[in-house]
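These are my notebook entries on one structure. I went through its strands, its sulfur chemistry, its backbone torsions and its surface.

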Amino acid sequence: QVQLLESGGGLVQAGGSLRLSCKASGLTFSNYDMGWFRQAPGKEREFVAAINWRGRTAPYTASVKGRFTISRDNTKNTVYLQMNSLKPEDTAVYLCAAAVSRTIWDIPLSSGYDNWGQGTQVTVSS
């Protein structure tokens, strides 16, 4: 079965950085589009970033543009989210998602993804 395991979350002060990792197993990683979403208590799950099987990136959600970078390493079956200049409003559970490669892949909807990790908590203090 497909398994996605996020890591790298934690507590950081505003202005700091974290790098999240999502290790995939049970799939041919290079055939999958990957995404990062986040969900804060009382809020809807929010698209953050996506990268397709070719390494192309979708537009980031506006609130993180210029601060976050998604990347992937197919030799390690891992997708990353580098988060810089963190703000308290970035506090959320960050979820990794995978979907079999699609013709239309850059739509920021959770319904477009088939597999989800359990999430890793990111807390940014002021």
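**Entry 1: Disulfide**

I searched for disulfides and the count came to 1. The model is a predicted one. The bond joins C22 and C96, whose sulfur atoms lie 2.0 Å apart. I then computed the torsion about the S-S bond of C22 and C96; the value is about -80°, so the disulfide is left-handed. I looked up the placement of the two cysteines: C22 belongs to strand β3 and C96 to strand β8 (residues 92-100), so the pair ties together parts that are 74 residues apart in sequence.

I next asked whether C22 is buried or exposed. C22 has a relative accessible area of 0% and is therefore buried, the cut-off for buried being under 20%. C96 also counts as buried because its relative accessibility is 0%.

**Entry 2: Pairing around β3**

I followed β3 to its partners. Strand β3 (residues 18-25) pairs with strand β1 (residues 3-7) in the antiparallel sense, over 5 bridges. Within that pairing, S7 has S21 of β3 as its bridge partner. I also recorded the pairing of β3 with β7, which is antiparallel and has 6 bridges. Here C22, the cysteine of the disulfide with C96, has V79 in β7 as its bridge partner.

**Entry 3: The hairpin of β6 and β7**

I continued from β7 to β6. Strand β6 (residues 68-73) and strand β7 (residues 78-83) run antiparallel and are joined by 6 bridges. In this pairing I found S71 opposite Y80 of β7.

Which residues of β6 make up its covered face? I listed F68, I70 and R72 there, while T69, S71 and D73 form the uncovered face. S71, the residue opposite Y80, is thus entered on the uncovered side.

The hairpin has 4 residues between its strands. N77 sits in this loop between β6 and β7. I noted a positive phi of about 50° for N77, which is not a glycine. For context, most residues other than glycine have a negative phi. With a relative accessible area of 22%, N77 is classed as partly exposed.

**Entry 4: A second positive phi**

I recorded S85 as well, a residue other than glycine with a positive phi near 50°. S85 is placed in the loop between β7 and β8. Its relative accessible area is 42%, and S85 is therefore partly exposed.

**Entry 5: N52**

I looked up the loop between β5 (46-51) and β6, where N52 lies. Is N52 buried or exposed? N52 counts as buried because its relative accessibility is 2%. I then listed its contacts, leaving out residues up to four places away in sequence, and found Y32, D33, R72 and W105. One of these, R72, is on the covered face of β6.

**Entry 6: Largest pocket**

I turned to the largest pocket, which holds about 160 Å³ of space. It is lined by 13 residues, and those closest to its centre are R38, K43, E46, E89 and D90. I sorted the lining by class and obtained 2 nonpolar, 3 polar and 8 charged residues.

I examined two of the residues closest to the centre, K43 and E46. K43 lies in the loop between β4 (32-39) and β5. At 58% relative accessibility, K43 counts as exposed, since the cut-off is over 50%. I also computed the separation of K43 from N77 of the hairpin: their C-alpha atoms are 30 Å apart, with the two positions 34 residues apart along the chain.

E46 is in strand β5. Its relative accessible area is 27%, so E46 is partly exposed. Which residues does E46 contact, leaving aside neighbours within four places in sequence? I found F37, R38, T61 and S63. R38 is itself among the residues closest to the pocket centre. For T61, I computed a C-alpha to C-alpha distance of 8.5 Å from E46, at 15 residues apart in sequence.

Definitions and conventions. Residues are numbered from 1 along each chain as its sequence is written. This is a predicted model: local features need pLDDT of at least 70, side-chain atom pairs count only at pLDDT 80 or more; totals for chains, interfaces and linings use all residues. Side-chain values use heavy atoms; hydrogens and water are left out. Buried means under 20% relative accessible area, exposed over 50%, partly exposed in between (1.4 Å probe, protein chains only). Two strands pair if DSSP finds at least two bridges between them. Contact means heavy atoms within 4.5 Å. A disulfide is a pair of cysteine sulfur atoms within 2.5 Å. On a 1 Å grid over the protein atoms alone, a cavity is a set of points where a 1.4 Å probe fits but cannot get out, and a pocket is an open set with protein on both sides within 12 Å along at least five of seven lines; lining residues have an atom within 4 Å of a point. Grid points are joined across faces, edges and corners, and a volume is the space filled by probe spheres set on the points. Ala, Val, Leu, Ile, Met, Phe, Trp, Tyr, Cys and Pro count as nonpolar, Asp, Glu, Lys and Arg as charged, and the others, Gly among them, as polar.
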